[in-house]
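Trainee: Could you take one part of this model and walk me through it closely, starting from a single residue and working outwards? I would like to see how that spot ties in with the rest of the chain.

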Amino acid sequence: MAMSRETLLGYLTDAFPEAEITLTDLAGDDNHWQAEIVSSQFDGMPRVKQHQLVYSALKGTMGGELHALALKTRAPDS
């Protein structure tokens, strides 16, 4: 089962409402996504912690409904 752009964007905007989020469907199958997230919530946080926050926002869908997600995360102006 694949995850639609709208569903993925919903999870991410719920967790990071002020963020600039760009989603790219890497394979055209709603199953392999890249998310670029620029959020002030990431300020001063190591990249591993940033990614953990994103995975937490996905509420257990990673590896099931969401097969693959490449992440690019950063705080504004960094």
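Mentor: Happy to. Let us start with Leu23, which is found in strand β1. Please keep in mind throughout that this is a predicted model.

Is Leu23 buried or exposed? Its relative accessible area is 10%, and buried means under 20%, so Leu23 counts as buried. What covers it can be read from its contacts. Leaving aside neighbours within four places in sequence, Leu23 is in contact with Arg5, Leu8, Leu9 and Leu12, and also with Trp33, Gln34 and Ala35. Helix α1 spans residues 5-15, and strand β2 covers residues 32-38, which lets you place both groups of partners. Take Leu8 as one of these partners: it is 15 residues from Leu23 along the chain, and the two C-alpha atoms are separated by 8.6 Å.

Now widen the view to the strand itself. β1 runs over residues 20-25 and is an edge strand, pairing on one side only. Its partner is β2: 6 bridges join the two, and they run antiparallel. Within this pair, Asp25 of the chain stands opposite Trp33 in β2. As a reminder, strands of a sheet pair through backbone hydrogen bonds, either parallel or antiparallel.

The connection between these two strands deserves a look as well. The hairpin of β1 and β2 has 6 residues between the strands, and Gly28 there takes a positive phi near 75°. Asp30 lies in the loop between β1 and β2 too. Phi of Asp30 is near 55°, a positive value in a residue other than glycine. With a relative accessibility of 31%, Asp30 counts as partly exposed.

On the far side of β2 comes the other pairing. Here 7 bridges join β2 to β3, and these two strands run parallel. Ile37 stands opposite Thr73 in β3. Put together, the 3 strands form an open sheet in the order β1-β2-β3, with mixed pairing. The second edge strand is β3, at residues 68-74. Neighbouring strands of the sheet are turned by 15° against each other on average, direction ignored.

With the sheet in place, the helices can be added. Helix α1 packs on the sheet and touches β1, β2 and β3, with its direction making about 155° with that of β1. Helix α2, residues 47-57, lies across β2 and β3 and runs at about 130° to β3. Along the chain from the N terminus, the order of elements is α-β-β-α-β, a total of 2 helices and 3 strands.

What lies between these elements? The largest nonpolar core has 18 residues, and those touching the most other members are Leu8, Leu12, Ile37, Val54 and Leu69. Elements giving two or more residues to this core are α1, β1, β2, α2 and β3. β2 gives the most, with 3 residues. This suits a broader pattern: in soluble globular proteins, nonpolar side chains tend to be buried together. Leu8 and Leu12 are core members that also appear among the contacts of Leu23. Ile37 is worth a look of its own: setting aside residues within four places in sequence, its contacts include Leu12, Ile21, Phe42, Val54 and Thr73.

The loop between α2 and β3 offers two contrasting residues. Thr61 has its place there, and a relative accessible area of 9% means that it is buried. Not counting residues up to four places away in sequence, Thr61 touches Met3, Tyr11 and Leu66. Lys59 is found in that loop as well, but at 62% relative accessibility it counts as exposed. Lys59 has a positive phi of about 50° although it is not a glycine.

Finally, step back to the whole chain. For 78 residues, a compact globule would have a radius of gyration near 12 Å; the chain has 12 Å, so the two agree. Its C-alpha atoms fill a box of roughly 35 × 20 × 20 Å along the principal axes. Buried residues make up 32% of the 78 residues, and Leu23, where we began, is one of the buried residues. Among contacts between residues at least 6 apart in sequence, 55% join residues at least 24 apart.

Technical notes:
Residues numbered from 1 in each chain as written. Predicted model: local features only at pLDDT ≥ 70, side-chain atom pairs only at ≥ 80, totals over all residues. Heavy atoms only, no water. Pairing = 2+ DSSP bridges. Helix = DSSP H or I, 4+ residues; strand = E, 2+ residues; numbered from the N terminus. Axes fitted to C-alpha atoms, helices over the stretch in contact; angles between N-to-C directions. Contact = heavy atoms within 4.5 Å. Core = buried A, V, L, I, M, F, W, Y, C linked by side-chain atoms within 4.5 Å. Buried < 20%, exposed > 50% of the residue type's maximum accessible area, 1.4 Å probe, protein only. Rg over C-alpha atoms; globule rule 2.2 N^0.38 Å.
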